[in-house]
Amino acid sequence: MQFDFYSTHSILVARGSSVNLARKIQERGGKSVLIVTDPGVLAAGLLNRALAQFKELQLSVQIFSDVEADPPIPVINQAVLAAQACHADYIVGFGGGSSMDVAKLVALLSSGKERLEDIYGIGMAKGPRLPLILVPTTAGTGSEVTQSSVVTVSESEKKGVLSPHLLPDMAILDAELTLGLPSHVTAATGIDAMVHAIEAFTTKRLKNPMSDCVAKESLRLLAGNLHQAVNFGNDIVARENMLLGACLAGMAFTNAPVAGVHALAYPIGARFHVPHGLSNSLMLAPVIRFNIDVAHSMYAELGQIIKPGLKGSSIEQASQLADYLGSLAGELGLPQKLLEVGITERDIDQLAQDAMLQTRLLMNSPREITLKDAATLYREAL
């Protein structure tokens, strides 16, 4: 047996801990900080308590708040320029997955030693980078513990930068920051995290005992708390379990990479601007059914965690799991079909062609997905 397992050096799990962000940076020698976030986080006032301590400690701080969902190249370039302009020696990503992904790239690129177009793919980013702290405000992407950033490079394509250099020095998991999340965001990001764990556990490449362990514990936390967090958003225990579950799912898939669900979801997000978690949710059940012949024993094992008490053979349990996950979005108030987000039969062929570009994800699928298969899966999701 031989495998590597990467994760963030330090993970702080504590309610209210984001208030002490400035002190954490000062203790580590930071003097000029750029916080990368999005307009929604800023408008919701989630940064307010943290910013008070920057003022108290007289620590220089600038805010870049122009991050968009599925961040395109110009946003990343603008954030890098902002870091250079304020001579930042510390970068903070404060927000959802997009803000954290942009912050990772800013920390890497602001020295000017590497160019974004040269580092797409696995292991192309060589570093060094600026010190980096990530603070998630949603329980979904797990970006605070992953070695990847996803960039929208065109209307139809996303590319990933994957390197251990993107792992932050510290992640701060403060469940109080997630208390204000709307129910539909809680639902979509929660299912997104579940997809990360499911695909990490069933991936064709790099699956290992440690990734399996955190994937299963992630699903126990996520499946056991998702409905509560969606329906009773001020339940801090449920919120904290979701945040930790998403983090563990991030640990799992940064070491045992995601596959077909993500490959088919990316074109939906790129072309139709459907949020990433919802895109994953829409393709999850069709891809599980497609994989059952070769992965039924793994799906059955996860089924006993996600929906305890499934009966029958492993193939039957895997099929029941697909049915349950296919109905989960509807139970939580999300769209269940592609038609509900504006995708029709005439879009299928283009989406399938786009999905075939996601070679780094397709290579991890337990069953090979061809162009014809992709079109069939999209039609099943209509």
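Author: A residue is called buried when its relative accessible area is under 20%, exposed when that value is over 50%, and partly exposed in between. The structure discussed here is a predicted model.

Reader: Is Ala188 buried or exposed?

Author: Ala188 counts as buried because its relative accessibility is 10%, under the 20% limit. This residue is found in helix 6. Its C-alpha lies 7.9 Å from that of Gly140, although the two residues are 48 apart in sequence.

Reader: How is burial to be read for a whole helix, and how many residues of helix 8 are buried?

Author: One applies the same limit residue by residue and then counts. In helix 8, 15 of the 20 residues are buried, and the helix is thus mostly covered.

Reader: What is the reach of helix 8 from its first C-alpha to its last, and what reach would be expected?

Author: Helix 8 comprises residues 236–255 and reaches 29 Å, close to the 28 Å expected at 1.5 Å a residue.

Reader: Which residue caps the N-terminal end of helix 8?

Author: The cap is Asp235. One of its side-chain oxygens lies 3.1 Å from the backbone nitrogen of Val237.

Reader: I should like to turn to empty space. What shows where it is left?

Author: Empty space is revealed by rolling a probe the size of a water molecule over the atoms. A cavity is a space where the probe fits but cannot get out, whereas a pocket is open.

Reader: How many cavities of 30 Å³ or more does the structure hold?

Author: There are two cavities of that volume or more. The largest cavity has a volume of about 60 Å³, and the second largest cavity about 40 Å³.

Reader: Which residues line the largest cavity, and which helix supplies the largest share?

Author: The lining consists of Ile198, Glu199, Thr202, Ala259, Gly260, Val261, Val287, Ile288, Asn291, Tyr299 and Pro366. Helix 10 supplies the largest share, with four residues. At least two residues come from each of helix 6 (183–202), helix 9 (260–272) and helix 10 (276–306). Sorted by class, the lining has seven nonpolar, three polar and one charged residues.

Reader: Which residues line the second largest cavity?

Author: Its lining is formed by Ala139, Leu181, Thr186, Thr189, Gly190, Ala229, Arg239 and Met242. Helix 6 and helix 8 are the elements that give two or more residues to this lining. The largest share, three residues, belongs to helix 6. By class, four of the lining residues are nonpolar, three polar and one charged.

Reader: How much space lies in the second largest pocket, and which helix gives the most to its lining?

Author: The second largest pocket holds about 160 Å³ of space. Helix 4, residues 73–85, gives the most to the lining, namely five residues. Among the lining residues are Ile73, Asn77, Val80, Leu81, Arg115, Glu117 and Tyr120. The lining as a whole has six nonpolar, three polar and three charged residues.

Reader: Arg115 and Glu117 carry names of charged residues. How far apart are the closest N and O atoms of Arg115 and Glu117?

Author: A salt bridge requires a side-chain nitrogen of Lys or Arg within 4 Å of a carboxyl oxygen of Asp or Glu. In Arg115 and Glu117 the closest N and O atoms are 3.3 Å apart, and the two residues form a salt bridge. Arg115, Glu117 and Asp118 are linked in a network of such bridges. Arg115 counts as partly exposed because its relative accessibility is 48%.

Reader: How many salt bridges does the count come to?

Author: The count comes to 15 salt bridges. One of them joins the side chains of Arg15 and Glu240, at 3.1 Å from N to O. This pair links distant parts of the chain, 225 residues apart: Arg15 is in the loop between strand 1 (10–13) and helix 1 (21–27), and Glu240 is in helix 8. Arg15 is partly exposed, with a relative accessible area of 41%.

Reader: Which parts does the pair of Arg379 and Glu345 tie together?

Author: Arg379 and Glu345 form a salt bridge whose closest N and O atoms are 2.8 Å apart. Arg379 lies in helix 14 (residues 371–381) and Glu345 in the loop between helix 11 (314–331) and helix 12 (348–355), so the pair ties together parts that are 34 residues apart in sequence. Arg379 counts as partly exposed at 36% relative accessibility, and Glu345 counts as partly exposed at 42%.

Terms used. Residues are numbered from 1 along each chain as its sequence is written. This is a predicted model: local features need pLDDT of at least 70, side-chain atom pairs count only at pLDDT 80 or more; totals for chains, interfaces and linings use all residues. Side-chain values use heavy atoms; hydrogens and water are left out. On a 1 Å grid over the protein atoms alone, a cavity is a set of points where a 1.4 Å probe fits but cannot get out, and a pocket is an open set with protein on both sides within 12 Å along at least five of seven lines; lining residues have an atom within 4 Å of a point. Grid points are joined across faces, edges and corners, and a volume is the space filled by probe spheres set on the points. The expected span of a helix is 1.5 Å times one less than its number of residues. Buried means under 20% relative accessible area, exposed over 50%, partly exposed in between (1.4 Å probe, protein chains only). A polar contact is a pair of N or O atoms within 3.5 Å; within protein, one must be able to donate a hydrogen and the other to accept it, and residues adjacent in sequence count only if both atoms are side-chain atoms.
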